[in-house]
Amino acid sequence: MTDLALDATQLDRYSRHVVMDRVGPDGQAALLDAAVVVVGAGGLGSPALQYLAAAGVGRLGIVDDDRVERSNLQRQIIHRDADVGRPKVESAAETVRALNPDVTVDSHETRLTTETVGLLDDYDLVVDATDNFQSRFLLNDAARLRGLPVVHGAIYEFEGQATTLVPGGPCYRCLFPTAPEPGTVPNCAETGVLGVLPGTVGSIQATEAAKLLLGEGEPLVGRLLFYDAASLETEVVPYEWRPDCPVCGDGGVECVDTVDYEGDCRVETDDE
Ligand SMILES: [Zn+2]
């Protein structure tokens, strides 16, 4: 716990946190002292960034190399119509700063690759708001090497999923050992998504991140949450650590530099 004291404005801003036994001034100070990086300023990143900013997470990194397109606005609510054509990190950072001046924003206008993944070193927690398997595997591997927790989310049409990967628990490769072959899964231009769905799943990711930073509740460790917006039913499926996992198994880490993370296999997972 930190001894960061809250000033009068912060006591007011975060009063609904401060009054709670399970957060309180110490919990709020921990949030203000935390650094979270959200990889992807799209559908999942939009609610995750805004809720984490509003909650007073003191430093937020935003990683994205895309520009805002009009077709994004149906679900990526951190961007506005006037932002079309701007870098997503720029428009997302502007929204975050307007929401809460307590938050320091780091804009990383880059694609996450083996060359750029070192930027994770500056953070305590990773929110995986990417939309493709390559980025998910890279984030999983790089975060595990650094001992960082990752909150994962994914969406497809009416279906979403979320899970939390912490050191000592199973990783994303324990759940999905290999990415599907390129071309065997639809790309993002071919698939659709209900506009509000990433709002739900990204909010679940923000919830998990806040819980981890506060040390409260039971995060989705070793549990994969499925959410079906069509029926509004959820299912939580347990999964286990794999001793033969190439990242967190008995053999130690071997994937980060050996796997081809390039390509553009923009897909969603099946519940395989
Ligand atoms: Zn693993």
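Let me open with a term we'll need today: a helix crossing is called right-handed if the near helix is turned clockwise from the far one by less than a right angle. Keep that in mind, because α4 and α8 cross in just this right-handed way.

Hello everyone, and thanks for coming. What we have here is a predicted model. Across the protein the mean pLDDT is 90, with 87% of residues at 70 or more. There is one stretch to treat with care, though: over residues 263-272 the pLDDT stays under 50. The model still has 27 contacts beyond four places in sequence for that stretch. Where pLDDT is low, the predicted coordinates should not be read in detail.

Now, the sheet. Please find the 8 strands that form an open sheet with mixed pairing. Reading across, the order is β3-β2-β1-β4-β5-β6-β7-β8. At the edges sit β3, residues 104-108, and β8, residues 233-238, and each of them pairs on one side only. From one strand to the next, the twist averages 15°.

Let's look at the β8 end. Its partner is β7, residues 223-228, and the two run antiparallel, paired over 6 bridges. If you'd like a landmark there, try Arg-223, which stands opposite Pro-238 in β8.

On to the helices, where I'd like to follow α4, residues 45-54. How does α4 lie against α8, residues 197-214? The two pack at an angle of about 40°, and their axes are 7 Å apart. Since roughly parallel would need an angle under 35 degrees, α4 is therefore oblique to α8. From α4, the contact includes Gly-45, Pro-47 and Tyr-51, while α8 brings residues including Pro-198, Gly-202 and Ala-209. Sorted by type, the residues of this contact are 7 nonpolar and 6 polar, with no charged ones.

The other partner I want to show you is α5, residues 88-99. Here the axes come within 9 Å and cross at roughly 25°. That angle is under 35 degrees, so α4 and α5 are roughly parallel to each other. This crossing is right-handed too. Leu-49, Gln-50, Ala-53 and Ala-54 of α4 meet Ala-92, Thr-95, Val-96 and Leu-99 of α5. That contact splits into 6 nonpolar and 2 polar residues, and again no charged ones.

That's my tour, and I'm happy to take questions!

Notes. Residues are numbered from 1 along each chain as its sequence is written. This is a predicted model: local features need pLDDT of at least 70, side-chain atom pairs count only at pLDDT 80 or more; totals for chains, interfaces and linings use all residues. pLDDT is the predictor's confidence in each residue, from 0 to 100. Two residues are in contact if their C-beta atoms, placed from the backbone, lie within 7 Å. Two strands pair if DSSP finds at least two bridges between them. Helices (H or I, at least four residues) and strands (E, at least two) are DSSP runs, numbered from the N terminus. Axes are lines fitted to C-alpha atoms, for helices over the stretch in contact, and angles run from 0 to 180 degrees between N-to-C directions. Angles under 35 degrees count as roughly parallel, over 145 as roughly antiparallel, 65 to 115 as roughly perpendicular and the rest as oblique. Ala, Val, Leu, Ile, Met, Phe, Trp, Tyr, Cys and Pro count as nonpolar, Asp, Glu, Lys and Arg as charged, and the others, Gly among them, as polar.
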